[in-house]
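Q: Could you go through the assignments for this model one at a time, setting each value against the criterion behind it?

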Amino acid sequence: TANGTSTALVRAKVLDTNGLPISSTAVAFTTTLGTLSAASATTDASGFASVTLTSGAKTGTAAVTATASGFSANGSVSFVAGVAIAPTVNASPSTVNPNGTTTITAHVTDTNANVLVGQSVSFSVTTNVSGGSLVTTTAITNANGDAVVTYTTGTTAVGIDIITATTSNGLSNTVNLTVNNSAQIVKTVSIETGASSITANGSTT
């Protein structure tokens with residue numbers, strides 16, 4: 001687990017040309033992720049040299065290399081995300097007209113901010129002033145750790161609806177959605193430029 005404390009034993013075996021173990025030989029170790037208990041170790045009677053790899057706080061794959069007498073071997077250890085904490089929940093837009101729609105996003109991470117992919121998140125309307133409804137009540141987190149659903153507001157002109165998102169391990173958070181029939185809601189943004197190209201001289205406008 002990518003928590004800064006999980007460990008894995010890394011062992012290198014050194015053999016001679018006859019396939020027999022070599023003892024008392026120095027083996028150097030390196031890793032691209034996490035930390036090693038030592039930069040080198042000496043082989044025992046069975047030809048093994050061992051160090052301990054401690055995970056970092058971020059997910060990824062540690063490529064570990066062992067080198068002895070100019071010969072090298074490679075291995076890998078994956079640091080995976082831990083258990084989910086309460087999700088961060090957002091509505092976009094957060095203010096909607098009656099009979100309008102908004103996107104509800106629950107962002108799921110572990111305690112070290114590593115995103116959790118493939119996690120089931122359930123959604124519910126815990127305060128429903130407008131009479132709105134969710135298009136679907138469950139979603140699976142994507143590669144960014146986001147579970148996304150659509151909420152359609154009801155016909156009540158003014159009020160606050162509250163949507164709750166709950167992870168599979170029972171942790172939840174909420175987002176407030178303002179329903180206002182007089183609010184101006186942004187739908188699109190466009191951009192124009194005065195020219196398709198200008199001279200790269202630091203002064204042309």
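Q: Which residue takes a positive phi in the hairpin of strand 15 and strand 16, and how many residues stand between the strands?
A: The model is a predicted one, and in it Gly-170 has a positive phi near 90° within that hairpin, where four residues stand between the two strands.

Q: What makes strand 15 and strand 16 count as paired?
A: A pair requires at least two bridges found by DSSP; strand 15 (residues 158–167) and strand 16 (residues 172–180) share nine bridges in the antiparallel sense, and therefore they satisfy the criterion. Within this pairing, Val-158 stands opposite Asn-180 of strand 16.

Q: How do you know that strand 11 and strand 15 are paired, and in which sense?
A: Six bridges join strand 11 to strand 15 in the antiparallel sense, and the threshold is at least two, so the two strands count as a pair. Thr-127, for instance, has Ile-162 of strand 15 as its bridge partner.

Q: Why do strand 12 and strand 14 count as a pair?
A: Strand 12 and strand 14 (residues 146–152) are joined by two bridges in the antiparallel sense; because the definition asks for at least two, the pairing is accepted. Ser-133 has Thr-152 in strand 14 as its bridge partner.

Q: What is the order of the open sheet of four strands, and which strands stand at its edges?
A: The order is 8-10-14-12, with antiparallel pairing. Strand 8 (88–92) and strand 12 (133–134) each have a single partner strand, so they stand at the edges, and one side of each is left without a neighbour in the sheet.

Q: What makes the peptide bond between Ser-92 and Pro-93 a cis bond, and where does Pro-93 lie?
A: Omega for the bond joining Ser-92 and Pro-93 is about 0°, and the bond is cis; Pro-93 itself lies in the loop between strand 8 and strand 9 (95–96).

Q: Which residues other than glycine have a positive phi, and is Asn-99 buried or exposed?
A: Asn-99 has a positive phi of about 60°, and Ala-113 has one near 70°. Asn-99 lies in the loop between strand 9 and strand 10 (101–107), whereas Ala-113 lies in the loop between strand 10 and strand 11 (120–127). The relative accessible area of Asn-99 is 54%, and since exposed means over 50%, Asn-99 is called exposed.

Q: Why is Leu-177 counted as buried or exposed, and what does it touch?
A: Leu-177, found in strand 16, has 0% relative accessibility, so it counts as buried, the limit being under 20%. Not counting residues up to four places away in sequence, Leu-177 touches residues including Ala-91, Pro-93, Val-96, Tyr-151, Ile-160 and Ile-163.

Q: How many residues does the largest nonpolar core have, and which have the most contacts inside it?
A: The largest nonpolar core has 19 residues, and Ile-104, Val-121, Phe-123 and Ile-163 are those with the most contacts inside it. At least two of its residues come from each of strand 8, strand 10, strand 11, strand 14, strand 15 and strand 16, and the largest share, three residues, is supplied by strand 14. Apart from this core lies another of 15 residues, among them Val-10, Val-14, Ala-49 and Phe-79.

Q: What is Ile-163 in contact with?
A: Leaving aside neighbours within four places in sequence, Ile-163 is in contact with residues that include Ile-104, Phe-123, Tyr-151, Val-175 and Leu-177.

Methods:
Residues numbered from 1 in each chain as written. Predicted model: local features only at pLDDT ≥ 70, side-chain atom pairs only at ≥ 80, totals over all residues. Heavy atoms only, no water. Buried < 20%, exposed > 50% of the residue type's maximum accessible area, 1.4 Å probe, protein only. Core = buried A, V, L, I, M, F, W, Y, C linked by side-chain atoms within 4.5 Å. Contact = heavy atoms within 4.5 Å.
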